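User: Could you take me through the nonpolar interior of this protein, and then show me how the rest of the chain sits around it? I'd like a close look rather than a list.

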Amino acid sequence: MKTLPNTVKDVLDTLMEPVNHVQNTVDTLKAGDPATEVKGIATAFMATQKVIEQTIALGANLLITHEGIYFSHHDPAEFLEKDPVYEEKRRIIMGSGLAIYRFHDYWHRYKPDGIMAGLIQALDWQPHIVENQPTATILSIPPMTLAEISGHIKGRLGIRYLRFAGDLSMKCTRIGLLAGYRGGGSLCIPLYEQENLDLIIYGEGPEWETPEYVRDANNQGKQRNLIVLGHAESEEPGMSYLAQSLQTMFPSIPTYFIPVEQALQVL
């Protein structure tokens, strides 16, 4: 029996199948024809212009990105009308014939959350999972100082720098891990008490919320620690994990993960 080729629609339907239909989702096909036969798939945290060019060079014609193409969570963004950078990027995409799909809401709704699963795998902390909550994973690791944990993270994720608050010499065992933009006080602050946490690690969040809570807690003698990874740094492993999953789902389709360099540098 002849095996039918997989179309863009086939791949997207397979990715969305494990999750109930999400209303008002940003997960849509941003460019390309759903009936196109897929020759190769690339995944990336962000569909930067460089990533798009690399995808084309690899011979892939479906790019799956976690974040939006055009510098905004929602699209289209009216503030970009007639912007020359937006127009040039759009011209390149439209001229390439590349299909680009944003896989954000559905991937976060997998059980466990696909982004979190990839981050935990990259950190080699799967054996230490206590509970996967909707927005956080609670971990119990062998005692390590905050400095040792920071070194472990930098080595496993290839991060050149981290930001922290707390005591680098304090030994931590109970950790709350939150990927992406989940560092706000309403999510993080209650976790310290509810889960008896020594440390929270998140991607990014308002700097005047959780970091300031940690500062005041330590001034009161309550030991609290925080490590900030960066948004991309916390979510990119989840898109590498997606590429691994796609290789299993579609073994006949070449699949690639394209890492993205940090956008912000340190002087």
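Analyst: Here is a walk through the interior, followed by the loops and the chain as a whole.

Keep in mind that this is a predicted model. The largest nonpolar core has 44 residues. Those with the most contacts inside it are I64, W125, I149, I153 and I201. Helix α5, covering residues 114-123, gives the most to this core, with six residues. There is also another core lying apart from it, made of 17 residues, and V51, L63, I93 and L98 are among them. As background, nonpolar side chains in soluble globular proteins tend to be buried together.

I153 is a good place to zoom in. Setting aside residues up to four places away in sequence, I153 touches L123, W125, G158, I159, L162, I201, I227 and L229. Two of the partners in that list, W125 and I201, also appear among the residues with the most contacts inside the core.

Now look at S150, which is found in helix α6 (residues 146-157). S150 has a relative accessible area of 13%, so it counts as buried, the cut-off being under 20%. Beyond residues up to four places away in sequence, S150 touches L162 and I227. Both L162 and I227 are also on the list of residues that I153 touches.

Next, the loops. Just ahead of α5, P112 is in the loop between α4 (105-108) and α5. The peptide bond from K111 to P112 is cis, with omega near 0 degrees. Most peptide bonds are trans, and most residues other than glycine have a negative phi.

On the phi side, two residues are worth a look. K82 is not a glycine, yet has a positive phi of about 70 degrees. You'll find K82 in the loop between β3 (62-65) and α3 (84-96). With 77% relative accessibility, K82 is exposed, because exposed means over 50%. N196, also a residue other than glycine, has a positive phi near 55 degrees. The loop between α7 (185-194) and β9 is where N196 is found, and at 57% relative accessibility N196 counts as exposed.

On the other side of β9 (199-202), the loop leading to α8 holds W208. This tryptophan is exposed, with a relative accessible area of 66%. Between the C-alpha atoms of W208 and V11 there are 41 Å in space, and the two are 197 residues apart in sequence.

One loop further on, Q223 is located between α8 (210-219) and β10 (225-228). Leaving aside neighbours within four places in sequence, Q223 is in contact with M170 and N218. The C-alpha atoms of Q223 and L199 are 9.0 Å apart, with their positions 24 residues apart along the chain.

Stepping back to the whole chain, there are nine helices and eleven strands. Buried residues make up 48% of the 267 residues. Of the contacts with a separation of 6 or more, 71% are between residues 24 or more positions apart. The radius of gyration is 20 Å, which agrees with the value near 18 Å for a compact globule of 267 residues. Along the principal axes, the C-alpha atoms fill a box of roughly 65 × 50 × 35 Å.

As for the outside, the accessible surface comes to about 13,800 Å², and 53% of that belongs to carbon and sulfur atoms. The chain has 22 positive and 32 negative side chains, with the centres of the two sets 2 Å apart.

Note on methods
Residues numbered from 1 in each chain as written. Predicted model: local features only at pLDDT ≥ 70, side-chain atom pairs only at ≥ 80, totals over all residues. Heavy atoms only, no water. Helix = DSSP H or I, 4+ residues; strand = E, 2+ residues; numbered from the N terminus. Rg over C-alpha atoms; globule rule 2.2 N^0.38 Å. Buried < 20%, exposed > 50% of the residue type's maximum accessible area, 1.4 Å probe, protein only. Contact = heavy atoms within 4.5 Å. Areas by Shrake-Rupley, 256 points an atom, 1.4 Å probe, with all protein chains shown as cover. Lys, Arg positive; Asp, Glu negative; His and termini not counted. Charge placed at Lys NZ, Arg CZ, Asp CG, Glu CD. Core = buried A, V, L, I, M, F, W, Y, C linked by side-chain atoms within 4.5 Å.
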